[in-house]
Structures are given as C-alpha cells and as structure tokens.
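This briefing addresses three topics: a surface patch, the internal cavities and two backbone conformations.

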Amino acid sequence: MADTLYRWRWVALFVILAAEVMDLLDSLVTNIAGPSIRADIGGGESLIQWLGAAYTLAMAIGLITGGRLGDIFGRKRMYLIGAVGFTLGSVACGLAQTPGQLIAARVVQGLLGAVMLPQGLGMLKEMFSEKEQAAAFGMFGPVMGLSTVGGPILAGWLVDADLWGSGWRMIFLINIPLGLFAIAGGIAFLPEWRSTRAVRLDLVGAILAAVGSALIVFPLVQGREHGWPAWAFVLIALSVAVFTCFAWFEARKSARGGDPLVEPSLFRKRGFSGGMALGLVFFSAMTGFWLTFSLYTQIGLHYSPFKAGLAGIPSSIGMVVAFIAAQAVLRFGRKVMHGGLLVMLLGVGGVILTLQLAGADVTPWQLAPALAVTGLGMGFVMAPFFDTVLASVEPHETGSASGTLTSVQQLGAALGTAILGTVFFERIKTSTFVRAEQFTLGVEIAMLAVVFLAIFLLPKHARPQETPDTESAEPEPQMQQALSG
C-alpha cells in the first residue's frame, strides 16, 4: 500500500464506520432504557448505573492495549475478533435474564469494542493518501453526529414499540445486522496489516490499570446501596495504592527499554497531566448530566422512553452544531474551551431555573432552550480538547498520549455514571425528584468550576492539524472521541 492505494478503501471505510456506529449507540442507549430494564429483570438502583459504567470502564481498560494488539497480531485479525466478540456480547445482552448476566455481557461488549475500534482507525491511515485522509475522516463527523441525535430516540422507540414482545432487548439485538455487516465486510474488504516494528504487550501494566480502575468505580456505585460500609472506603484507598504501583512499574519498564502502556515522560508535562485531570472531571460531568436527566424525565416526570429520548434532542443538536462551528476557531485552543465552559454553565443553570419555575409540570419544550445551550457549551469544550492537550507532548509521544487520553475519557464516563448517579439516587431518598435533580446539577456546576480552573494548565494553542506519525494507539477522529463520552 505504500506505492499504490488500496483498491477497496472507500468500501472499507463504510465497514469501519459500521463498527463506530455500534460502539456509539451502545454507549448511549442504556441511559434511556435503564428504568425499563430494571423494571423487567429486577436489581437495585445501581443496576442502572452499571449498565453504562460496566461498558465504559471495560472500554477504558481495553483501549489501553487495543491498538497494540493490532500491531502484534495484525489489525484485520484483531478487528474481526473484536467485531465477532462485540456482536456476541450484544446477543448476550439481549438474552440476559438476570442483572448479573446483563452486566457481564456489557463488560464483554466494552472489552471487545476496545479491541475492534483502534484497528479500523489505524487501517484508514494505511489505506488513504494524505490528501484523501481528510475526506475519509470527515465522514465520521456526520455519521457520529446523526448517531448521537438519533441513538436515544431509536432506543426509546424500540423500548416503547416492544417489537415481537422484545421490549428493551431490541436495543441490543439491533446490533446483530450491524455486526454481521461489520464482520462480513471486514473479511471481504479490510486489508491485512501488521507493524514492522517489534512491539511487546505490557500485560502487567494493563492488569494494574484495570484493577485500579475497578477498585474506585465499584465502591462508588455499590457503596450507597450498602450504607457506605468501611470496605467501600478501603477499596478506594487500595485503588490509589494500585495506581501508585502502576506508575512505578511503567517508569521502571521504560527505564529498562521496554514498551510501557503509558510513557512516564508524559506525566512530567504540566499540559498533559492537567489535561488528564481536566478530561476525567469534564467527561464525568458530561456523562452524569445525560444519565441523571434521563432518569429524572422517566422516573420523576414519568416520560415514556421514547419521549425521554426526544426530550434530549436539543442538547445533542447543540453539541453537534458547536462541534462543526468550532472547527473554524480551533486555533484559539483553550480560549475556545473557556468560552464553551461558560456557555455550558449558563445552560446547566438554565435547566435548574427552568425546573424551579415549572416544577413537576415541566415540558420538553420548556427545557429545550437550556438544554440546547448546554449542548452547545459541551461541543465548544470538547472540540479543541484533544488537540490542545496533545500540543504539550513531543511527536514521538503522540501515540501513547492520544491512547491514554481516550482511555481517560472512557474512565471519566464510568466515574460520572457512578458519582452523579449515586448523588441523584441518594438525594431522592429525602427529597422530591425536582430537588434531587437540581441538587445533582448543582454538584455538576461545582465540577465544571474545577474544569474551568484546570483549563489554565493546558497549552494556549492547539496542536497543528496534521497526521501524527505513529504506528499504534492512533487518536480517533475528534467527533467520535467526544460523542462517545
């Protein structure tokens, strides 16, 4: 492919897009379907949180090594393994009879999705010329934007439609035709590729990162239902110890000339360390916002799943519009992020005010203006985030840095589901649904205030728009990175 372009590259692009759509839909649909799932198969309130957290936590863990597996064993092979596993995981979700089975199947989806996604994106860089790459990656924006707007609506409609008596199960079973297309298309049209550089898998580092992440998310979700026992705080403390061991191990591995999961030099850069902290808090706030809003509309306002999906459209549209409009001002870097965050704070404050004025009788139309402003702010924060943070790293560190940031994004989503979901459920024990949602949004405002200050740690300007020269852990297109949070 170095001398002649791959013949089937444009067909291969649509195969890869099918995989991206599957991932994005599955990161969104359980926010809408969660209450219906719990009503059908039982489980505590934490089940609703685990439906999202299990997927995003597994995705965060898997993405650390997903791209490197393609380098070692071949990208087409790992793409197909991921696509088959993700599809089977979707079938397992759709057939699950107990909360434990469903959560386990969501973990499978997340892990195998993390194996599948980096391979397709890496192959695009091999299949297309530099001139064509802009057009190829440009396809992701409209497709992902449409999926973001349509995903919650589709989920709500499928739950309400109860096709063939399937109820909520169809939100997972709909992945079967998409998965079969991704698998058959992958076999027929994706090229073979393997790294020419000897790459070793940092298995110990991956295990330490996985254990540390699980130790902090599990007690945040389950602690509330058990009355915050001592073991919850012990596990959180252990997670800090495990991450400390992870940092030590990665530094030691790098010093010995090995291939660490994360380059230790990255953490000595203020811009990157600040970007990780910022991303963790921001994506927690963003994911928590969507989860608790969906819970409030269905449990508090008694909206049907379909109506709840429709109610969230203004936020999704505002975010996509901002993401497109922000392309013209990305060069201003963190100034765009500061402006976007102020807009988002205004939108969240507007939601609180709307709930205060309208109370339990609030309608989707009354919420629409504040939600649109919130989504607009989200888009202007996310659009320059990755390029601004990556401007602080050296070219040879870009692959490791971008992979780490993407994992942090997914971990932030899992933490947001755990933290803000717990705040919401804890509050409704002693307050009305309106007050509970307002209090949760108040916590979100505090989180966004932390993000505003953290932005000052980032480089002033974004990285120039160019293709990084790396073989593994290529950064995903920004639209997909942002929307999948």
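In this predicted model, Val211 is located in helix 9, which spans residues 203-222. The points below begin with the surface around that residue and then turn to the interior and the loops.

**Nonpolar surface patch**
- Val211 joins Leu201, Leu203 and Ile207 in forming a nonpolar surface patch of about 330 Å².
- Val211 counts as partly exposed because its relative accessibility is 35%, and partly exposed residues fall between 20% and 50%.

**Internal cavities**
- The structure contains 3 cavities of 30 Å³ or more.
- The largest cavity encloses about 210 Å³ of space.
- This largest cavity is lined by 16 residues, of which Ile32, Pro152, Trp290, Gly312 and Ser316 are the closest to its centre.
- Two or more lining residues come from each of helix 1 (9-41), helix 6 (140-161), helix 11 (270-300), helix 12 (305-311) and helix 13 (313-325).
- Helix 11 makes the greatest contribution to the lining of the largest cavity, with 5 residues.
- The lining of the largest cavity comprises 8 nonpolar and 8 polar residues, with no charged residues.

**Positive phi in loop residues**
- Trp164, although not a glycine, has a positive phi of about 55 degrees.
- Trp164 belongs to the loop between helix 6 and helix 7 (170-173).
- With a relative accessibility of 81%, Trp164 counts as exposed, since the cut-off for that class is over 50%.
- Trp228, also a residue other than glycine, has a positive phi near 55 degrees.
- Trp228 is situated in the loop between helix 9 and helix 10 (230-255).
- Trp228 has a relative accessibility of 32% and therefore counts as partly exposed.

Notes
Residues are numbered from 1 along each chain as its sequence is written. This is a predicted model: local features need pLDDT of at least 70, side-chain atom pairs count only at pLDDT 80 or more; totals for chains, interfaces and linings use all residues. Side-chain values use heavy atoms; hydrogens and water are left out. Patches are made of residues with over 30% relative accessible area and no salt bridge: like charges are joined within 9 Å, nonpolar side chains (Val, Leu, Ile, Met, Phe, Trp, Tyr) within 5 Å. Accessible areas come from the Shrake-Rupley method with a 1.4 Å probe; for residues, only the protein chains shown count as cover. A salt bridge is a side-chain nitrogen of Lys or Arg within 4 Å of a carboxyl oxygen of Asp or Glu. Helices (H or I, at least four residues) and strands (E, at least two) are DSSP runs, numbered from the N terminus. Buried means under 20% relative accessible area, exposed over 50%, partly exposed in between (1.4 Å probe, protein chains only). On a 1 Å grid over the protein atoms alone, a cavity is a set of points where a 1.4 Å probe fits but cannot get out, and a pocket is an open set with protein on both sides within 12 Å along at least five of seven lines; lining residues have an atom within 4 Å of a point. Grid points are joined across faces, edges and corners, and a volume is the space filled by probe spheres set on the points. Ala, Val, Leu, Ile, Met, Phe, Trp, Tyr, Cys and Pro count as nonpolar, Asp, Glu, Lys and Arg as charged, and the others, Gly among them, as polar.
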